[in-house]
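Open the model in your viewer and show side chains as sticks. Keep the selection tool at hand for the stops that follow.

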Amino acid sequence: MMAQQLNSPPLKRQRADRDGQDEPDSSEGFRFSQEPTLDQIRAMQNQFSRERNWDQFHTPRNLLLAMTGEVGEVAELFQWRGEVEEGLPDWSEKDKKHLSQELSDVLIYLVRLAEKCHVDLPAAAVDKIKLNKLKYPAHQVYGSSKKYTEYNTPEKNSS
């Protein structure tokens, strides 16, 4: 597994604010670490792969298939649990750690795949969020889980 390649931070973490006080570890207050950035993760994985001469195996297809396998491992952790509360309050620390490792594997493969396909992932994510705002205007879809094709939106009308 790729999880052992990088020292991933734990799933739960207390962060100190500017006054040195810890923020509550809740869904409302949860934020990712500012570092490493996606580009730093890309560089670390790139170096890791070069040191092992694995770049030859990291074709887009192989990376996609490997990432799909890791997504399956994440799914296994949720299988048979029913609905799971945000923050995973009923999960053991061991299960949370396992989840953080598997999610890290998915992230590492996703970043590597984006690199190999020359996709600027942060920029593409921002563009996608902008597109989703057009597809799902808040005033029209608030509280609904319908797909955008079920709404009369500018995005739908232009297709």
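Select Phe78. This residue is partly exposed, at 32% relative accessible area. The model is a predicted one, so read each contact as part of a prediction. Phe78 lies in helix H2, which covers residues 60-78.

Now add Trp91. Is Trp91 buried or exposed? Trp91 is buried, with a relative accessible area of 7%; the cut-off for that label is under 20%. Phe78 and Trp91 form an aromatic pair. Their ring centres are 5.0 Å apart. The planes stand at 55 degrees, and the pair is classed as tilted. Trace the chain between the two: Trp91 is in the loop between H2 and H3, 13 residues from Phe78. The pair thus links distant parts of the chain.

Stay on Trp91 and bring in Arg81. The charged end of Arg81 sits over the Trp91 ring, 3.9 Å from the ring centre.

**Phe48 and its partners**

Which residue sits over the ring of Phe48? Select Arg52: its charged end is placed over that ring, 3.6 Å from the centre. Phe48 itself is buried, with 12% relative accessible area.

The structure holds 3 aromatic pairs. One of them joins Phe48 to Trp54, with ring centres 5.6 Å apart and planes at 70 degrees, so this pair is edge-to-face. The cut-off for edge-to-face is over 60 degrees. Trp54 is partly exposed, at 34% relative accessibility.

**Salt bridge in helix H1**

Go to helix H1, residues 38-51. Select Asp39 and Arg42. Their side chains meet in a salt bridge, 2.7 Å from N to O. Why can these two be found about one helical turn apart? They are 3 residues apart in H1, which means a separation of about one helical turn. Asp39 is partly exposed, at 47% relative accessibility. Arg42 is also partly exposed, at 25%.

**Along helix H3**

Jump to helix H3, residues 93-116. Put a distance between its end C-alpha atoms: they are 34 Å apart. That agrees with the expected span, because the 24 residues of H3 should cover 34 Å at 1.5 Å a residue.

Begin with Glu93 and Lys96. They form a salt bridge whose closest N and O atoms are 3.7 Å apart. The two are 3 residues apart in H3, so about one helical turn separates them. Compare their surroundings. Glu93 is exposed, with a relative accessible area of 53%, whereas Lys96 is buried, at 4%.

Move on to Arg112 and Glu115. This salt bridge has N and O 2.9 Å apart. Here too the partners are 3 residues apart in H3, about one helical turn. Is Arg112 buried or exposed? Arg112 is buried, and Glu115 is buried as well.

Step just past H3 to His118. Its phi is positive, at about 60 degrees.

**The network**

How many salt bridges does the structure hold? The count is 8. For the last stop, select Asp39, Arg42, Asp55, Arg112, Glu115 and Lys116 together. These residues are linked in a network of salt bridges. The network takes in the Asp39 and Arg42 side chains from the H1 stop. It also takes in Arg112 and Glu115 from the H3 stop. Asp55 and Lys116 are the new names in this selection, and they belong to the network too.

Notes: Residues are numbered from 1 along each chain as its sequence is written. This is a predicted model: local features need pLDDT of at least 70, side-chain atom pairs count only at pLDDT 80 or more; totals for chains, interfaces and linings use all residues. Side-chain values use heavy atoms; hydrogens and water are left out. A salt bridge is a side-chain nitrogen of Lys or Arg within 4 Å of a carboxyl oxygen of Asp or Glu. Helices (H or I, at least four residues) and strands (E, at least two) are DSSP runs, numbered from the N terminus. Buried means under 20% relative accessible area, exposed over 50%, partly exposed in between (1.4 Å probe, protein chains only). Rings of Phe, Tyr and Trp (its six-membered ring) pair if their centres lie within 6.5 Å; planes under 30 degrees apart count as stacked, over 60 as edge-to-face and the rest as tilted. A charge sits over a ring if NZ of Lys or CZ of Arg is within 6 Å of the ring centre and within 35 degrees of the ring normal. The expected span of a helix is 1.5 Å times one less than its number of residues.
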